[in-house]
Each structure stands twice: as C-alpha cells, then as structure tokens.
Protein chains: 2
Amino acid sequence: MADQQAFFDLLDIMESERAVEPKRFFALMRSTFNIENLLYIDVELLPRGFRVHRLCHTFEADLPEVYRDRNAGCIDAVLRMASGDIRPVDLADSRKRYPASETLFQAALHFGLTPEGIILPLSAPARRCARLVIQADVAPAEWASYRRCHLRDFQLLANLFHASLLESDARRRDQHPASVILTNRETEVLGWAAAGKSYWEIATILGITERTVRFFMTNARRKLNVVSNTQAVAQAMRHALIPVS
Amino acid sequence: MADQQAFFDLLDIMESERAVEPKRFFALMRSTFNIENLLYIDVELLPRGFRVHRLCHTFEADLPEVYRDRNAGCIDAVLRMASGDIRPVDLADSRKRYPASETLFQAALHFGLTPEGIILPLSAPARRCARLVIQADVAPAEWASYRRCHLRDFQLLANLFHASLLESDARRRDQHPASVILTNRETEVLGWAAAGKSYWEIATILGITERTVRFFMTNARRKLNVVSNTQAVAQAMRHALIPVS
DNA sequence: CCATAACCTGTCACTACCGACAGTTTTGCC
DNA sequence: GGCAAAACTGTCGGTAGTGACAGGTTATGG
C-alpha cells in the first residue's frame with residue numbers, strides 16, 4: 001500500500017486549485033502512485049461517429065493517429081456501448097466485455113499498455129462521455145490488491161480533475177444560454193407538438209380553441225427566435241424547456 | 001481516522017453484490033463510519049418543477065412532506081442550480097452558496113441535521129440530478145479532518161451504490177430503446193429540419209430536389225414511428241440520433 | 001446474376017402550418 | 001383602481017407538410 005500522506009497532499013492540491021493542467025495532474029498522479037500511463041478522454045457522441053472535446057494522455061504522441069488509422073469505427077462502437085457505464089471497469093474486463101475493442105487493445109499493447117489498469121467513469125452531460133484510464137506499473141499478481149487499495153483515491157481524484165477541466169471550459173465560454181422563459185401554456189403546447197399532436201388535437205386535449213393553440217405556439221416561436229414548430233421543439237429540448245419523456 | 005479494514009469490507013460488498021438495497025447500504029454506511037444520517041435523491045428536472053425518481057433517507061419518515069409543505073419552489077430552484085455541480089459540496093458551503101435553500105436547512109435542523117455533512121454528486125443522464133447527502137456524527141471541530149479522511153471512501157461507495165440502483169432500474173425496465181437506425185440522408189434532413197429549414201431549403205443545401213428531401217423525411221418518420229416532422233425531431237433528439245448542437 | 005439497401009425523382013390531393021390583422025377576459029401585483 | 005402579463009378567440013391568405021401513386025440509379029454482397 002502506497003503512502004497515505006501522498007494521497008492527501010494530492011487531494012489538497014486538487015481541492016484548492018481551481019484549474020489543474022492535465023500535464024501537471026498526470027505528473028502528480030505518477031509521482032504519487034505507481035502509475036505507468038494515464039489517458040483522459042471527453043467526447044460527444046453523434047449519430048454518426050463522435051467529436052473529441054478533450055484528449056490528453058501520457059502515451060507516445062502519435063497514439064491517436066495510430067488508433068484512427070487502425071479502425072475508427074470500433075472506437076465509435078465501444079464508446080457508444082461503454083457510455084452508459086457508471087462503475088469503474090478493469091481494462092481486462094473491458095476487453096472481455098467489448099470484443100469490438102480488441103483491435104484497440106492490440107494497438108495499445110505496442111504503446112506499452114498492460115492489462116493492469118482501470119477505466120474510471122466521469123459525470124458528463126447528455127451524449128457526452130468522459131473517462132480517465134489509469135494504467136499501473138505493478139505486476140499482474142499485485143494488481144488486485146493495488147486496485148482495491150487505490151480505487152477510492154483514483155475515483156475521487158479523477159472526479160476532481162474532471163470537474164476542474166469542465167469548470168475551466170465553462171469559464172472560458174462564459175456565455176449564458178439565452179435563458180428564455182416560456183409560459184405554462186407555451187410549454188404545454190410545445191410538449192404536445194413534440195408528441196406529434198396537431199393544433200386541433202392539442203386544442204381538444206387542452207380544452208381550448210385551435211386558434212389559441214396557434215397563439216401560444218406563435219409566442220413560443222417568437223421567444224425561441226425560430227421559424228417553425230419543428231425548430232421550436234428542437235430548441236426547447238436543447239434548453240431543457242420541455243421534458244424528455 | 002476510522003478503521004481502514006471496515007471500508008474495504010464495505011467496498012467488497014458493494015463490488016460483489018449486484019443489487020444493494022438502500023436500507024442495507026445505509027445501515028452498512030452507518031456501521032462503518034460515524035454517520036448520523038444519509039439521504040439519497042434522484043430527480044428529473046422538468047421545465048416546471050421536478051419529478052422524483054427515488055428518494056430514501058434515514059431521517060424521520062415525514063421529512064419529505066414537511067419540506068413540501070414549507071416551500072416546494074425553493075427545492076426546485078436549488079436542485080436546478082446545483083444540478084451542474086460536479087464536486088462534492090459541504091452542507092455549510094451549499095447553504096452559503098444557495099441562499100434560496102435557507103428555508104430547507106432551517107426545516108432540516110428540526111430533523112437533527114447538522115452542518116457536518118457533505119453532498120456528493122452522482123453521474124446522471126440529461127436533466128437528471130442525483131445526490132447522496134452524508135451527515136456525520138462528529139464535532140464541528142473534527143469535521144474538516146473527518147471529511148478529508150473519508151471523502152474518497154464516500155465518493156467511491158456512493159458511486160457504486162448509485163450504479164447499483166440504476167442497474168436494477170435498467171433490469172426492471174428490461175426494455176431496449178428501439179435502436180432505430182437512420183441512413184445518412186435521413187439524419188441530415190432531420191438535422192436541418194431541427195434547424196428550422198423547410199423542404200425547399202434543405203433541398204437547396206443538400207443539392208437534391210425537394211421531392212427527395214420529402215422522401216427521406218417520410219422514411220425517417222416511418223422508422224421513428226411518428227406522424228410529423230416535429231415529432232420526428234423530438235424523437236430523434238431523445239434517442240440521440242441527431243446532434244444537440 | 002440477383003437481391004437488397006440506399007439514394008434519387010415526379011405528380012396529385014389534402015391537410016396543417018404560419019404570419020398578420022384585431023380584439024376580450026382573467027389574473028396578479030403595486 | 002390601474003397596469004401588465006397571461007390566457008383566450010376570430011378571420012384571411014399564403015406556404016409548407018403529408019401520404020399515396022409510380023418509378024429509376026448505384027453500390028454491396030451472397
């Protein structure tokens with residue numbers, strides 16, 4: 001078991017500093033624990049493929065290029081399947097659970113990756129998927145006890161690191177997202193439109209005239225600064241103004 | 001500092017058992033650490049108010065009712081503001097940061113809540129907000145060192161407990177969410193429709209005829225089993241078939 | 001070579017949506 | 001009481017969306 005004090009020193013740093021650079025965090029992690037490599041990835045899953053928000057790691061610089069050349073499709077598939085995971089997953093377990101990722105692991109072996117590592121899930125907004133991969137420099141036989149001992153450290157520090165990055169992103173953006181306020185009726189009407197109801201149907205449901213439904217929808221379109229009901233529903237869902245379900 | 005072994009015993013339980021009942025988890029937590037009270041809450045934020053998915057706690061049984069009677073609006077506001085938090089937050093800090101929650105704290109004091117506690121953020125899908133509140137039975141002067149010592153334990157165990165609940169929810173539902181596959185063109189036209197473009201505009205953008213755009217949109221509607229373009233966009237956004245941005 | 005899927009196009013008739021005109025009634029707050 | 005905002009209604013004319021008809025082209029894989 002590694003030095004307890006070293007963890008608490010690192011915890012103090014992560015809690016006190018507002019913005020922690022990835023390189024610094026990686027260096028601190030490596031000096032505190034017996035870590036061989038770290039990889040942080042934050043992507044947005046799109047209907048086709050994905051968009052990388054942030055990717056930083058301690059592997060050789062051209063690792064992403066090699067992965068991309070090998071098979072981008074399988075990265076996509078694995079990210080998609082794993083995006084729902086909430087528990088930490090061992091690299092070995094991940095390899096078994098997602099056979100599609102075998103190509104990735106084969107490629108990663110050439111960069112020095114060993115099975116003694118863990119994938120930590122990180123909180124992320126909708127359609128975002130963030131992970132911190134930690135690969136330890138321990139013998140296979142020692143991995144289980146090492147993991148058991150440091151899982152709590154890794155998960156907390158990873159969360160704090162992730163929070164630090166997201167917060168600095170938010171500070172950089174510094175853009176407040178419109179904050180449109182819809183009335184009760186406007187929200188209701190939008191919700192029913194999202195459910196595929198026509199003006200006449202919504203009017204019947206709400207017990208008002210079709211003309212009034214149109215009035216609310218027009219106001220909603222004007223407030224959302226859009227030109228069609230379809231766009232209005234999309235915009236309202238983006239800003240969480242109408243429920244998903 | 002509490003017994004290290006007790007934590008690892010609890011960790012083993014949380015990692016080995018698929019479904020951990022809240023009452024059991026709470027009891028284990030209380031017997032392992034000097035915990036006075038625990039509260040787990042998982043809500044969905046709606047445009048107006050919120051919907052509670054799960055709420056369990058060790059306070060007196062009528063705590064939620066008292067809260068509701070006091071001021072439901074402020075719960076709403078605080079949940080909304082705090083939903084973006086990723087870091088653990090001390091109860092005292094939360095009270096200072098969200099003045100709107102003062103009424104809540106005043107009410108909670110009557111149920112035995114003390115400021116020596118922490119709010120742990122938990123991974124949640126879009127518009128969902130889950131938290132585990134842990135209130136320790138320690139003297140105010142000891143809180144800082146207690147927190148520092150056990151934060152990593154709490155965060156990891158809370159994550160595992162949360163994962164356990166979500167997984168059992170998923171098992172209970174046992175419903176695969178359609179998994180509709182849209183073609184490239186169908187995805188494109190849906191995306192432009194969500195951007196407020198008309199058939200004619202989309203046709204011009206994509207360099208095809210308006211009729212063809214209608215063809216793709218009709219196929220998309222059929223696949224998504226919906227009756228209007230508006231509903232199709234809403235459905236596609238729900239299933240993450242078109243990007244948010 | 002045939003089947004399949006994706007992509008592409010045309011016409012017709014009907015319905016729904018959209019903006020702009022001009023109001024009334026109700027509700028809540030100072 | 002006065003005021004503002006929300007809720008509600010009516011009519012008109014133009015544009016957009018919708019379903020059903022009936023095709024053709026290209027690429028992929030068995």
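**Two DNA strands and two nonpolar cores**

The surface near DNA strand C is made up of five nonpolar, seven polar and five charged residues. This description rests on a predicted model. For chain A, the mean pLDDT is 83, with 82% of the residues at 70 or more. Within that chain, confidence varies by element: helix H2 (residues 22-32) of chain A has the highest mean pLDDT, 95, and helix H3 (residues 63-82) of chain A the lowest, 63.

Around DNA strand C there are 17 residues, of which the nearest are Arg221(A), Asn229(A), Thr183(B), Arg185(B) and Thr212(B). Of the atoms of this strand that come within 4 Å of the protein, 63% belong to sugar and phosphate. Two of the polar contacts involve phosphate oxygens of DNA strand C: one lies 2.4 Å from an N or O atom in the side chain of Asn229(A), and one lies 2.5 Å from a polar side-chain atom of Arg185(B). A base is also approached, since an N or O atom in the side chain of Arg211(A) is 3.5 Å from a base nitrogen of DNA strand C. Helix H9 (210-224) of chain A, together with helix H7 (184-194) and helix H9 (210-224) of chain B, are the elements that give two or more residues to this surface. H9(B) gives the most, with four residues.

DNA strand D is surrounded by 18 residues, and the closest are Thr183(A), Arg185(A), Thr212(A), Arg214(B) and Asn229(B). Sugar or phosphate accounts for 62% of the atoms of DNA strand D within 4 Å of the protein, and bases for the rest. In chain A, an N or O atom in the side chain of Thr183(A) is 2.7 Å from a phosphate oxygen of this strand, and the corresponding distance for the side chain of Arg185(A) is 2.4 Å. Chain B takes part through its backbone, with an N or O atom of Tyr199(B) 3.0 Å from a phosphate oxygen of DNA strand D. Two or more residues each come from helix H7 (184-194) and H9 of chain A and from H9 of chain B. H9(A) gives the most to the surface near DNA strand D, with five residues. That surface divides into five nonpolar, seven polar and six charged residues.

The interior of the protein comes next. The largest nonpolar core has 66 residues, and Met29(A) and Met29(B) have the most contacts inside it. Beyond its neighbours within four places in sequence, Met29(B) contacts Leu10(B), Ile35(B), Leu38(B), Ile134(B), Phe154(B) and Leu157(B). Another core, of 43 residues, lies apart from the largest one and includes Phe216(A), Leu241(A), Phe216(B) and Ile242(B).

Conventions: Residues numbered from 1 in each chain as written. Chains lettered and ligands numbered in written order. Predicted model: local features only at pLDDT ≥ 70, side-chain atom pairs only at ≥ 80, totals over all residues. Heavy atoms only, no water. Core = buried A, V, L, I, M, F, W, Y, C linked by side-chain atoms within 4.5 Å. Buried < 20%, exposed > 50% of the residue type's maximum accessible area, 1.4 Å probe, protein only. Contact = heavy atoms within 4.5 Å. Near = heavy atom within 4 Å. Polar contact = N/O pair within 3.5 Å; in protein donor to acceptor, adjacent residues only side chain to side chain. Nonpolar A, V, L, I, M, F, W, Y, C, P; charged D, E, K, R; others polar. pLDDT = per-residue confidence, 0-100.
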